[in-house]
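Biologist: I have a model open on my screen, and I would like to understand the words used to describe it. Could we go through them one at a time?

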Amino acid sequence: MKVAIVGVSGAVGQEFLRVLDEQKFPVDELVLFGSERSAGRRYSFCGREYTVRVLREDPSDFEGVDFAFTSAGAGVSKQFAPVITARGAVMIDNSSAFRMDDDVPLVVPEVNGDDAFNAPRGIIANPNCTTIIMVVALKPIMNLSAIKRVHVATYQAASGAGATAMDELVRQYAEISAGKEPTVEKFAYQLAYNLIPHIDVFTDTDYTKEEMKMYNETRKIMHAPELSVSATCVRVPVIRAHSEAVWVETERPVSVEEARAAFESAPGLVVVDDPASKQYPMPLHAAGSDPVYVGRLRSDLANPNGLTFWLVGDQIKKGAALNAVQIAQYMLAHPRR
């Protein structure tokens, strides 16, 4: 098994190395690619050191590669996809470049793993982190009853904007504590001691691109073009792990007991839900973990067919690198369709 990582020096690229190791993915040969700036850096994996190579428009660099995990931005993915896939590699792309292309499957293995086998261009798209976390929990509900509409408010950590954003948040707290003006470069405003209801650029509907990703991607992943999804995405002063408050309306009433049983038996979900003892998911505890955690499950007081619950998932793991690796694992574990 020959594996390539494109964009290895970034936060998600580094997480790919950790996840492949943790998951004991069968890597016999590993090749690492990056920009000219990161070329020559050395990274350890399973007791060996590997040197980052410059990503070139030369298909021979990907000769024999089975899976190429890419996380270097949409522009790089679009430019180099023909190079990466030319010799038969399956490109599992973490950017937004191909997510809504009809001939590129958008996959969360717990929800629509079989879609990975319908990839005529050799490209599989990894969804947006907030979408991944949400659909893992929507799937067991949809197995009980069709879902009519979803409202979601997200509380997204600095990790969603990359390693420099996490560093900036830490630096802002230190600067403010020292009586200095905080550095503001990655976000529209100071994030420390603040919330910013603005992730990605605003569209002409006044929803941001991040919010529209949740709308469009959820419908594609769940094969539900009629599903209504409305999101408000907020950046919060948390280093790592996103949280989401979700309201779901189903075609028939689904009881809390039914939903809890479905959550408890669903792959990729862990139920943490005991309000009496103050047990509920929090990013403090979810950071660095694989599952999506669900809690605060209750009936929606405003809708007789409604449920509401709280989700937390690590944005860099399940929201990015882990989901991509799980796509490859799913393909290896199942006969080709």
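Modeller: Gladly, and let us begin with a definition: contact means heavy atoms within 4.5 Å. Please keep in mind that this is a predicted model.

Biologist: Thanks. Which strands does helix H7 lie across, and at what angle does H7 run to E12?

Modeller: Helix H7 (residues 256-265) lies across E11, E12 and strand E13 (306-313). Its direction is at about 170° to E12.

Biologist: What makes E9 and E11 edge strands of their sheet?

Modeller: Look at the order of this open sheet, E9-E8-E10-E13-E12-E11, a set of six strands with mixed pairing. Strand E9 (228-235) and strand E11 (269-271) each have a single partner strand, so one side of each is left without a neighbour in the sheet. From one strand to the next, the twist averages 25°.

Biologist: How do you know that E11 and E12 count as a pair?

Modeller: Pairing asks for at least two bridges between the strands. Three bridges join E11 to strand E12 (residues 292-299), and the two run parallel. Because the cut-off is at least two bridges, the three found here make E11 and E12 a pair. For a place to look, Leu-269 has Val-292 of E12 as its bridge partner.

Biologist: Now the other sheet, please. Which strands are the edges there?

Modeller: That open sheet has seven strands in the order E3-E4-E2-E1-E5-E6-E7, again described as mixed in pairing. Its edge strands are strand E3 (42-45) and strand E7 (123-125), since each pairs on one side only. Neighbouring strands are turned by 25° against each other on average, with direction ignored.

Biologist: How many bridges hold E1 to E2?

Modeller: There are five bridges between strand E1 (residues 2-6) and strand E2 (residues 29-34), and these strands run parallel. One of the positions to check is Val-3, whose bridge partner in E2 is Leu-30. Helix H2 (residues 74-85) lies across E1, strand E5 (67-70), strand E6 (90-93) and E7, and runs at about 155° to E6.

Biologist: On to the helices. Why is H1 called oblique to H9?

Modeller: Helix H1 (residues 11-22) and helix H9 (residues 317-333) pack at an angle of about 55°, with axes 9 Å apart. Roughly parallel needs under 35 degrees, and roughly perpendicular needs 65 to 115. The angle of about 55° therefore makes H1 oblique to H9. H1 passes H9 in a right-handed crossing. Residues in the contact include Phe-16 and Leu-20 of H1, with Ala-321 and Val-325 of H9. By class, the contact has nine nonpolar, no polar and three charged residues.

Biologist: And what makes H4 roughly perpendicular to H9?

Modeller: The axes of H4 and H9 come within 8 Å and cross at roughly 85°. The range for roughly perpendicular is 65 to 115 degrees, so H4 is roughly perpendicular to H9. In this contact, Cys-129, Ile-132 and Val-136 of H4 meet Lys-318, Gly-319 and Asn-323 of H9. The classes are three nonpolar, two polar and one charged.

Biologist: What word fits H4 and H6?

Modeller: The axes of helix H4 (residues 129-144) and H6 come within 9 Å and cross at roughly 40°. That makes H4 oblique to H6, and the crossing is right-handed. Among the contact residues are Met-134 and Leu-138 of H4 and Met-214 and Ile-221 of H6. This contact divides into six nonpolar, three polar and three charged residues.

Biologist: One more. Why is the pair of Tyr-173 and Tyr-193 called edge-to-face?

Modeller: The count comes to nine aromatic pairs. In the pair of Tyr-173 and Tyr-193, the ring centres are 4.7 Å apart and the planes stand at 80°. Pairing needs centres within 6.5 Å, and edge-to-face needs planes over 60 degrees apart, so this pair is edge-to-face. Tyr-173 lies in helix H5 (residues 163-177) and Tyr-193 in the loop between H5 and helix H6 (209-221), so the pair ties together parts that are 20 residues apart in sequence.

Conventions: Residues numbered from 1 in each chain as written. Predicted model: local features only at pLDDT ≥ 70, side-chain atom pairs only at ≥ 80, totals over all residues. Heavy atoms only, no water. Axes fitted to C-alpha atoms, helices over the stretch in contact; angles between N-to-C directions. Helix = DSSP H or I, 4+ residues; strand = E, 2+ residues; numbered from the N terminus. Parallel < 35°, antiparallel > 145°, perpendicular 65-115°, else oblique. Left-handed = near helix turned anticlockwise from the far one by under 90°. Nonpolar A, V, L, I, M, F, W, Y, C, P; charged D, E, K, R; others polar. Phe/Tyr/Trp six-rings, centres within 6.5 Å; stacked < 30°, edge-to-face > 60°.
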